[in-house]
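Here is my note on the model you sent round. Please read it with the structure open.

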Amino acid sequence: MTMVKRGNWTEERHEVLKNLTGAEIDAIADQLEAEHPEEYSTPEELDEKIKRIEEARAAKRRVEMVGA
């Protein structure tokens with residue numbers, strides 16, 4: 001992978017990514033996940049996080065409605 005320095009991060013990203021295949025991207029993602037498993041969530045963990053966030057927002061709305 002060759003880094004192109006143009007001063008524009010978006011252009012650099014597109015330049016680097018245009019030569020990668022989907023399989024290469026998947027392999028890099030798998031490697032990163034294997035090296036740093038604590039930074040990645042399973043689909044089940046993501047669903048639980050989303051559920052907790054939605055419940056917290058709903059509780060906040062209820063409190064706001066009662067207090068308003």
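The points below go from confidence and fold to surface and charge.

1. Confidence. This is a predicted model. The mean pLDDT of the chain is 85, and 90% of the residues score at least 70. Helix α3 has the highest confidence, at a mean of 92. Helix α1 has the lowest, at 83. Where pLDDT is low, the predicted coordinates should not be read in detail.

2. Fold. The chain contains three helices and zero strands. The order from the N terminus is α-α-α. Helix α1 covers residues 9-17, helix α2 covers residues 22-35, and helix α3 covers residues 43-67.

3. Burial. How much of the chain is buried? Of its 68 residues, 4% are buried. The accessible surface is about 6,200 Å². Carbon and sulfur atoms account for 56% of that surface.

4. Nonpolar patch. Ile28, Leu32 and Tyr40 form a nonpolar patch on the surface. Its area is about 230 Å². Leu32 sits in helix α2. Is Leu32 buried or exposed? Neither label applies, because its relative accessible area is 34%, and buried means under 20% while exposed means over 50%. Leu32 is therefore partly exposed.

5. Negative patch. Which residues gather in a patch of negative charge on the surface? They are Glu44, Glu45, Asp47, Glu48, Glu54 and Glu55. Glu45 belongs to helix α3. Its relative accessible area is 40%, so Glu45 counts as partly exposed. That value also clears the patch cut-off of over 30%.

6. Salt bridge. How many salt bridges does a search of the whole structure find? The answer is one. Side chains of opposite charge can pair when their charged atoms come close. Here the partners are Glu15 and Lys18, at 3.3 Å from N to O. That distance is within the 4 Å cut-off.

7. Setting of the pair. The two partners fall into separate exposure classes. Glu15 has a relative accessible area of 22%, so this residue is partly exposed. Lys18 reaches 54% and therefore counts as exposed. Neither partner is buried, because buried means under 20%.

Technical notes. Residues are numbered from 1 along each chain as its sequence is written. This is a predicted model: local features need pLDDT of at least 70, side-chain atom pairs count only at pLDDT 80 or more; totals for chains, interfaces and linings use all residues. Side-chain values use heavy atoms; hydrogens and water are left out. Helices (H or I, at least four residues) and strands (E, at least two) are DSSP runs, numbered from the N terminus. Buried means under 20% relative accessible area, exposed over 50%, partly exposed in between (1.4 Å probe, protein chains only). Accessible areas come from the Shrake-Rupley method with a 1.4 Å probe; for residues, only the protein chains shown count as cover. Patches are made of residues with over 30% relative accessible area and no salt bridge: like charges are joined within 9 Å, nonpolar side chains (Val, Leu, Ile, Met, Phe, Trp, Tyr) within 5 Å. A salt bridge is a side-chain nitrogen of Lys or Arg within 4 Å of a carboxyl oxygen of Asp or Glu. Lys and Arg count as positive and Asp and Glu as negative; His and the chain ends are not counted. The place of a charge is taken as NZ of Lys, CZ of Arg, CG of Asp or CD of Glu. pLDDT is the predictor's confidence in each residue, from 0 to 100.
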